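Good morning, everyone. Please have the sequence and the model open while I talk.

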Amino acid sequence: MRHFLLYLFKPFVTVLLGMVCFSCGSAAEDDLISTDNRYLRLSLSPTTELDASATQIELRIETNLDYSVVVDAEWLKLQETTLPKEGSLHFSVEANPTSDSRTATIVVTDRNDRYYSQSVKVVQRGNPNPVEELSIVDKQATAQTKALLANLWSIADKGFIFGHHDDLWYGRYWYNEPGGSDTKAVCGDYPGVFSVDFATIMDDRYNSAENAIRRRVILEARERGEVIMACAHLNNPLTGGDSWDNSHNDVVKSILTPGSATREKFITWLDRLADFALNLKDSKGELIPVIFRPLHEHTQGWSWWGSSCTTEAEFVEFWQMIVTYLRDTKGVHNLLYAVSPQLDSWYDDQTIRNRLLYRWPGDNYVDFIGMDCYHGENPDAFSNYLRIATEISLQKRKPCGVTEDGVESFTRADYWTYSVLEPAMDKRISMVVMWRNKYVGTNEADKHYFSVYPGHPSEENFRTMYSSERTFFSKDLPDMYTLPDNIRIK
């Protein structure tokens with residue numbers, strides 16, 4: 001039966017092919033199509049390849065018939081509304097965001113004869129740098145703030161940014177000298193991350209003359225394209241004590257209570273931060289993005305917001321209140337929000353994970369996974385921290401890094417390669433930021449320093465770390481404030 005059907009259809013197929021093939025077949029068939037003077041010529045070959053980044057394609061056409069054009073893919077679209085008999089058809093092409101190649105077909109057909117057609121197969125190659133999507137806490141964040149988040153994510157593929165707290169403000173033997181930096185004095189370059197404290201902008205110390213210095217050094221860092229990060233050692237709004245005053249376990253509870261005096265005071269502190277952030281602009285008048293890490297080291301019991309003074313529910317609600325007030329009520333759109341629990345000992349993998357996710361405020365309230373690491377000279381412990389942080393970072397699609405690090409008054413000559421570079425060498429982290437070098441003047445008895453300075457035994461080793469391809473200092477940074485082509489922020 002199958003052969004019989006094929007025999008019946010064979011004459012029809014022969015005639016149809018004869019109509020399309022202008023010069024093929026028998027003399028009888030030639031007579032059949034001799035009066036068909038249609039022609040349809042396309043400039044592209046039957047299969048055409050495009051780069052992943054292609055934005056358009058042109059198809060030259062010559063014909064004497066009315067035709068239609070159909071494309072079977074959304075990423076390839078015809079631009080013309082009037083179709084020329086002789087001229088060009090232009091198609092817009094969306095860049096391929098994936099690593100896989102994809103195919104579309106352009107079909108040009110006689111409007112009066114759907115069997116008379118020609119087609120072009122368009123193959124767009126896969127993207128060697130496929131587009132990645134990241135989520136941001138503030139959907140209305142400025143373009144530069146979104147770009148900073150994207151670049152913090154992408155730079156981790158290449159290495160980590162070195163940072164230092166208050167590095168541009170003072171060093172071990174100098175104070176408030178424009179252009180000053182213990183880091184630069186040793187290696188000839190500034191840190192890529194400049195860390196400061198926002199507490200005296202916010203709390204009852206807001207009239208401090210130091211705030212003018214703080215603004216100056218932030219602007220200085222931004223003009224060089226560096227990353228700015230801020231913590232907040234806020235005084236206790238209930239007792240008036242410092243941030244280490246954990247004498248009351250109801251401070252946060254009071255802040256969360258509508259109408260309470262403590263809540264009103266804390267709201268005023270947030271208002272001051274909002275005013276500072278909304279007036280923090282670079283030389284071009286653009287708002288300066290800042291990675292803000294409120295309520296840092298909440299795994300510890302020493303602060304009035306820490307583990308001994310709050311419940312998990314209180315801490316999470318407090319964090320979310322800070323974010324929503326600054327973002328939604330005050331309209332601050334140049335902040336990224338970073339958690340920074342503390343890790344300070346040898347832990348097994350699950351304990352590290354538990355501490356990094358301790359009282360997690362929610363994926364929609366965190367942009368950056370930080371950690372304050374005070375593990376001493378134990379590179380194995382540090383390596384494990386970074387390994388687990390890398391895993392969580394990839395799972396949650398959020399950049400991660402070390403927001404504080406160091407050993408107070410360290411003297412080890414190979415400290416930088418032994419304790420920092422080697423443990424971080426194969427980890428996907430964005431930064432390692434050292435805690436401050438206190439200004440001591442001539443008081444050599446004060447050993448409160450956590451990074452290198454001129455005359456320290458580790459100077460040469462620090463320069464070895466500086467020369468590594470895996471470390472980024474100020475001069476090494478890409479443009480951290482322009483969105484990379486292969487990342488979308490949603």
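I will go through two sheets, two helices, the cysteines and some ring pairs. Keep in mind that this is a predicted model.

Let's start with the sheets. One is an open sheet of four strands, in the order 1-3-6-5. The pairing there is antiparallel. Which strands sit at the edges? They are strand 1, residues 40-42, and strand 5, residues 76-78. Each of these pairs on one side only. From one strand to the next, the twist averages 30°.

Now look at strand 5 and its partner. Strand 5 pairs with strand 6, residues 86-93, over three bridges. The sense is antiparallel. For one position to find on screen, take Lys-77, which stands opposite Ser-92 in strand 6.

On to another sheet. This is also an open sheet of four strands, in the order 2-8-7-4. Here the pairing is mixed. The edges are strand 2, residues 47-50, and strand 4, residues 67-71, and each pairs on one side only. The twist averages 25° from one strand to the next.

Inside this order, strand 7 covers residues 102-110 and strand 8 covers residues 113-124. How many bridges join strand 7 and strand 8? Nine, in the antiparallel sense. To find one of them, start at Val-107: its bridge partner in strand 8 is Ser-119.

Next, helix 6. Helix 6 runs over residues 210-223, which makes 14 residues. From first C-alpha to last, helix 6 reaches 20 Å. That is close to the 20 Å expected at 1.5 Å a residue.

Which residues of helix 6 are buried? They are Asn-211, Ile-213, Arg-214, Val-217, Ile-218, Glu-220, Ala-221 and Arg-222. Here is a general point to hold against that list. An α-helix has 3.6 residues a turn, so residues three or four places apart point the same way.

What covers the buried residues of helix 6? Several elements do, including helix 3 (143-155), strand 13 (193-197), strand 14 (227-231) and helix 8 (261-278). Just after helix 6 comes Gly-225, with a positive phi of about 85°.

Now helix 11, residues 379-396, where we find Ile-388. Is Ile-388 buried or exposed? Ile-388 counts as buried, because its relative accessibility is 2% and the cut-off for buried is under 20%. Leaving out residues up to four places away in sequence, Ile-388 touches Asp-349, Ile-352, Arg-353 and Leu-356. Take Asp-349 from that list. Ile-388 and Asp-349 are 39 residues apart in sequence, yet 7.0 Å apart in space, C-alpha to C-alpha.

Cysteines next. How many disulfides does the structure hold? Zero. Why does Cys-231 form no such bond? The closest cysteine sulfur is in Cys-373, 15 Å from the sulfur of Cys-231, so the two are too far apart for a bond. A disulfide needs the sulfur atoms within 2.5 Å. Cys-400 is in no disulfide either. For Cys-400, the nearest cysteine sulfur is also that of Cys-373, 10 Å away. Cys-231 is buried, with a relative accessible area of 0%. Cys-400 counts as buried too, at 1%.

Last topic: aromatic rings. The count comes to 27 aromatic pairs. One of them is Phe-266 with Trp-304. This pair is edge-to-face, with 6.4 Å centre to centre and 80° between the planes. Where do the two residues lie? Phe-266 is in helix 8, and Trp-304 is in the loop between strand 15 (290-292) and helix 9 (312-329). So the pair ties together parts that are 38 residues apart in sequence. Both Phe-266 and Trp-304 are buried.

Trp-416 and Phe-462 make another edge-to-face pair. Their centres are 5.0 Å apart, and the planes meet at 80°. Trp-416 sits in helix 12, residues 415-424, while Phe-462 sits in helix 13, residues 459-466. That links distant parts of the chain, 46 residues apart. Trp-416 is buried at 0% relative accessible area, and Phe-462 is buried at 0% as well.

Finally, Trp-416 and Phe-462 belong to a cluster linked by ring pairs. Other members include Phe-162, Tyr-173, Phe-410, Tyr-449 and Phe-473. That's my tour, thank you.

Terms used
Residues numbered from 1 in each chain as written. Predicted model: local features only at pLDDT ≥ 70, side-chain atom pairs only at ≥ 80, totals over all residues. Heavy atoms only, no water. Expected span 1.5 Å × (residues − 1). Buried < 20%, exposed > 50% of the residue type's maximum accessible area, 1.4 Å probe, protein only. Contact = heavy atoms within 4.5 Å. Pairing = 2+ DSSP bridges. Axes fitted to C-alpha atoms, helices over the stretch in contact; angles between N-to-C directions. Phe/Tyr/Trp six-rings, centres within 6.5 Å; stacked < 30°, edge-to-face > 60°.
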